[in-house]
Amino acid sequence: MITDTMIDAAIDAMPNDFDSHAVILKVAHDNQREYIAALHEKVIANVNAPFQALHGSLGIRIKHRCDAQGFAFTPPSDHQSFDIFGQLSHCASYRKPV
């Protein structure tokens, strides 16, 4: 199970400007067992795109955590970066308060 504490630790490790792809990659890297277990839950649930489903739910949780800390938000429609597969795709970006 990927906890809010794990997400918060990944967010804390980010530079002032970052996006949800970077946070997801940090969470996966630092919590490999939990990440794989969460991905496996999507496979067991017979989800057709388990990575996309997991990353979508993590993106929502990241947004809630960043909103709670007063970070500036740029919607996915206005930002792109490379995802875990190296594909350029839309995602939310954030700026930590100064």
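Is Ile-84 buried, exposed or partly exposed? In this predicted model, Ile-84 has a relative accessible area of 36% and is therefore classed as partly exposed, since that class lies between the limits of 20% and 50%. Ile-84 is placed in the loop that runs between strand E3 (80-82) and strand E4 (88-90). Together with Leu-25 and Phe-85, Ile-84 makes a nonpolar patch of about 300 Å² on the surface.

Ile-84 is also one of the residues in contact with His-55, a list that, apart from neighbours within four places in sequence, further includes Ile-24 and Tyr-35. His-55 belongs to helix H4 and, because its relative accessible area is 16%, counts as buried. The contact with Tyr-35 has a polar component, as the side chains of His-55 and Tyr-35 form a polar contact at 2.7 Å. Gly-56 is likewise part of helix H4. Gly-56, however, is partly exposed, with a relative accessibility of 36%. The C-alpha atom of Gly-56 lies 9.7 Å from that of Ser-20, although 36 residues separate the two along the chain.

The interior was examined next. In soluble globular proteins, nonpolar side chains tend to be buried together. The largest nonpolar core of the model comprises 21 residues, and Ile-2, Ile-11, Phe-18, Val-23 and Ile-62 are those with the most contacts inside it. At least two residues of this core come from each of helix H1 (4-12), helix H2 (20-30), helix H3 (32-44) and helix H4 (50-68). When residues up to four places away in sequence are set aside, Phe-18 touches Ile-11, Val-23, Cys-66, Phe-71, Ser-93, Tyr-94 and Lys-96. Two of these partners, Ile-11 and Val-23, are named with Phe-18 among the core residues with the most contacts.

Charged side chains were then considered. Six salt bridges are present in the structure. In one of them, the side chains of Arg-65 and Asp-4 meet with an N to O distance of 3.5 Å. Because Arg-65 lies in helix H4 and Asp-4 in helix H1, this pair ties together parts of the chain that are 61 residues apart in sequence. Arg-65 also forms a salt bridge with Asp-8, where the closest N and O atoms are 2.6 Å apart. Asp-8 is in helix H1 and Arg-65 in helix H4, so this pair connects parts 57 residues apart in sequence. With regard to accessibility, Arg-65 is partly exposed at 27%, and Asp-4 is partly exposed at 33%. Asp-8, by contrast, has a relative accessible area of 19% and is buried, because the limit for that class is under 20%.

A further salt bridge joins the side chains of Asp-17 and Arg-95, at 2.6 Å from N to O. This pair links distant parts of the chain, with Asp-17 in strand E1 (residues 17-19) and Arg-95 in strand E5 (residues 93-95), 78 residues apart. Both partners are partly exposed, with relative accessible areas of 43% for Asp-17 and 47% for Arg-95. Elsewhere, salt bridges with shared partners join Asp-4, Asp-8, Arg-61 and Arg-65 into one network.

Conventions: Residues numbered from 1 in each chain as written. Predicted model: local features only at pLDDT ≥ 70, side-chain atom pairs only at ≥ 80, totals over all residues. Heavy atoms only, no water. Core = buried A, V, L, I, M, F, W, Y, C linked by side-chain atoms within 4.5 Å. Buried < 20%, exposed > 50% of the residue type's maximum accessible area, 1.4 Å probe, protein only. Helix = DSSP H or I, 4+ residues; strand = E, 2+ residues; numbered from the N terminus. Contact = heavy atoms within 4.5 Å. Polar contact = N/O pair within 3.5 Å; in protein donor to acceptor, adjacent residues only side chain to side chain. Patch = residues over 30% accessible without salt bridge, like charges linked within 9 Å, V, L, I, M, F, W, Y side chains within 5 Å. Areas by Shrake-Rupley, 256 points an atom, 1.4 Å probe, with all protein chains shown as cover. Salt bridge = Lys/Arg side-chain N within 4 Å of Asp/Glu carboxyl O.
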